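This report looks at one serine in its surroundings and at the chain that holds it. Please keep the sequence and the model at hand while reading.

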Amino acid sequence: MTASAARGARRLGCTTLPRVLAALTALALLIAACGSGGEATAPRQPVAAVRIVPESVEVVARGTVQLTAAMWDASGRAVDHRAVTWASSNPTVGIVSAAGLVTAVNKGSTTVTVTCEDRRATAEVIVFLPKGV
């Protein structure tokens with residue numbers, strides 16, 4: 001290394017490096033304050049309405065059917081990524097999983113309810129026996 005390069009390196013290490021580190025720290029704080037760098041997100045709107053799709057379904061005993069919860073805010077915009085709970089009024093006829101999958105157990109009917117942020121919807125599930133049983 002030449003004497004000139006050595007002086008330059010010492011100068012960079014002694015005076016410029018703290019300035020670079022300060023600038024990088026400030027930049028990192030600005031990026032963190034902006035979030036992910038994408039579009040700004042609006043405040044999360046509460047769920048105003050919920051519906052189960054389909055609202056009524058028939059399924060053979062020992063079969064399954066997937067129910068889906070659809071939710072909207074007060075402006076009518078669809079909302080997603082919300083916690084929901086599912087329940088069956090008659091688990092001896094049909095049981096429902098945390099994902100809305102109904103398993104038909106015995107002949108009869110059950111009302112499946114989904115709840116999201118104190119809003120509820122119901123669907124009727126009718127279970128029938130296969131032909132010849």
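The report begins with the chain as a whole and then turns to serine 88.

## The chain as a whole

The model is a predicted one, and its protein chain has a secondary structure of one helix and 10 strands. Read along the sequence, these elements follow the pattern α-β-β-β-β-β-β-β-β-β-β.

Of the 133 residues in the protein chain, 24% are buried, and the accessible surface of the chain comes to about 9,200 Å², with 59% of that area belonging to carbon and sulfur atoms. Among the contacts in the protein chain with a separation of 6 or more, 51% are accounted for by residues 24 or more positions apart.

## Where serine 88 sits

Serine 88 lies in strand 6, which covers residues 85–88. Is this residue buried or exposed? Serine 88 has a relative accessible area of 18%, and because buried means under 20% relative accessible area, serine 88 counts as buried.

## Polar partners and contacts of serine 88

The side chain of serine 88 reaches two backbone atoms, one of them being the backbone nitrogen of asparagine 90 at 3.3 Å, while the backbone oxygen of glycine 94 lies 2.6 Å from a polar atom of the serine 88 side chain.

When residues up to four places away in sequence are not counted, serine 88 touches Gly94, Val96, Thr110 and Thr111. Glycine 94 therefore appears both in this list of contacts and as the residue whose backbone oxygen lies 2.6 Å from a polar side-chain atom of serine 88.

Key: Residues are numbered from 1 along each chain as its sequence is written. This is a predicted model: local features need pLDDT of at least 70, side-chain atom pairs count only at pLDDT 80 or more; totals for chains, interfaces and linings use all residues. Side-chain values use heavy atoms; hydrogens and water are left out. Helices (H or I, at least four residues) and strands (E, at least two) are DSSP runs, numbered from the N terminus. Buried means under 20% relative accessible area, exposed over 50%, partly exposed in between (1.4 Å probe, protein chains only). A polar contact is a pair of N or O atoms within 3.5 Å; within protein, one must be able to donate a hydrogen and the other to accept it, and residues adjacent in sequence count only if both atoms are side-chain atoms. Contact means heavy atoms within 4.5 Å. Accessible areas come from the Shrake-Rupley method with a 1.4 Å probe; for residues, only the protein chains shown count as cover.
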